[in-house]
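This report describes the fold, the side-chain contacts and the burial of one protein chain. The sequence and the model are shown below.

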Amino acid sequence: MAFLRSFLGGKQIMRRESSSTPRGFMAVYVGENDQKKKRYVVPVSYLNQPLFQELLSKSEQEFGFDHPMGGLTIPCHESLFFTVTSQIR
């Protein structure tokens with residue numbers, strides 16, 4: 001199991017290859033195209049954050065409620081995803 005851990009204000013984002021998601025976290029797929037999407041596990045508390053909600057709005061505009069990866073897909077570059085999540089405290 002490969003992990004990329006980033007501790008941001010006491011919260012963590014994990015890159016996981018396995019399909020398990022810890023309690024209190026949710027899986028999101030991040031990337032600009034299908035070949036480059038990566039799965040990350042983020043705290044569900046991010047759903048209440050305005051910056052993360054902007055990413056979700058972009059996802060809604062592109063996919064509606066039909067996410068081809070089978071999970072929540074955020075169509076942005078990974079660097080933008082990390083910038084947004086690093087600003088959430």
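How many aromatic pairs does a search of the whole structure find? The search finds four aromatic pairs, where rings of Phe, Tyr and Trp (its six-membered ring) pair if their centres lie within 6.5 Å, and planes under 30 degrees apart count as stacked, over 60 as edge-to-face and the rest as tilted.

## Basis of the report

The model is predicted: local features need pLDDT of at least 70, side-chain atom pairs count only at pLDDT 80 or more, and totals for chains, interfaces and linings use all residues. Residues are numbered from 1 along each chain as its sequence is written, and side-chain values use heavy atoms, with hydrogens and water left out.

## Overall organisation

The chain contains two helices and five strands. Helices (H or I, at least four residues) and strands (E, at least two) are DSSP runs, numbered from the N terminus. In sequence order, the pattern is β-β-β-β-α-β-α.

The chain has 89 residues, of which 35% count as buried; buried means under 20% relative accessible area, exposed over 50%, and partly exposed in between (1.4 Å probe, protein chains only). The accessible surface of the chain comes to about 5300 Å², and carbon and sulfur atoms contribute 50% of it. Such areas come from the Shrake-Rupley method with a 1.4 Å probe; for residues, only the protein chains shown count as cover. Of the contacts (heavy atoms within 4.5 Å) between residues at least 6 apart in sequence, 46% join residues at least 24 apart.

## Strand pairing

Strand 3 (residues 25-30) pairs with strand 4 in the antiparallel sense, over six bridges. Two strands are taken to pair if DSSP finds at least two bridges between them. Among the bridge partners, V30 is matched with K38 of strand 4, and M26 with V42 of strand 4. Strand 4 is largely enclosed by the rest of the structure, because five of its six residues are buried.

Strand 3 is also joined to strand 5 (residues 72-74), here in parallel and through three bridges. Within strand 5, T73 stands opposite Y29.

## Aromatic contacts

One of the aromatic pairs found in the search is formed by Y40 and F82, with an edge-to-face geometry: 5.5 Å centre to centre and 85 degrees between the planes. The pair links distant parts of the chain, since Y40 belongs to strand 4 and F82 to helix 2, 42 residues apart. Y40 is buried, with a relative accessible area of 1%, whereas F82 is partly exposed at 26%.

Ring pairs link Y40, F81 and F82 into a cluster. F81 is located in helix 2 and counts as buried, at 0% relative accessibility. The C-alpha atoms of F81 and F52 are separated by 8.7 Å, with their positions 29 residues apart along the chain.

## The salt bridge

Which side chains meet in a salt bridge? They are those of K38 and E78, with an N to O distance of 3.5 Å; a salt bridge is a side-chain nitrogen of Lys or Arg within 4 Å of a carboxyl oxygen of Asp or Glu. This contact also links distant parts of the chain: K38 lies in strand 4 (residues 38-43) and E78 in helix 2 (residues 78-87), 40 residues apart. A search of the whole structure finds one salt bridge.

K38 counts as partly exposed, at 30% relative accessibility. E78, at 19%, counts as buried.

## The two helices

The buried residues of helix 2 are E78, F81, V84 and T85. These residues lie on the same side of helix 2, because they cover an arc of only 125 degrees around the axis, the arc being that of the directions from the helix axis to the C-beta atoms.

Helix 1 (residues 50-63) includes E60, which is partly exposed at 46% relative accessibility. E60 and L72 are 12 residues apart in sequence, and their C-alpha atoms are 9.7 Å apart in space. S57 also lies in helix 1 and is partly exposed, at 31% relative accessibility. From C-alpha to C-alpha, S57 and I74 are 9.1 Å apart, with a sequence separation of 17 residues.
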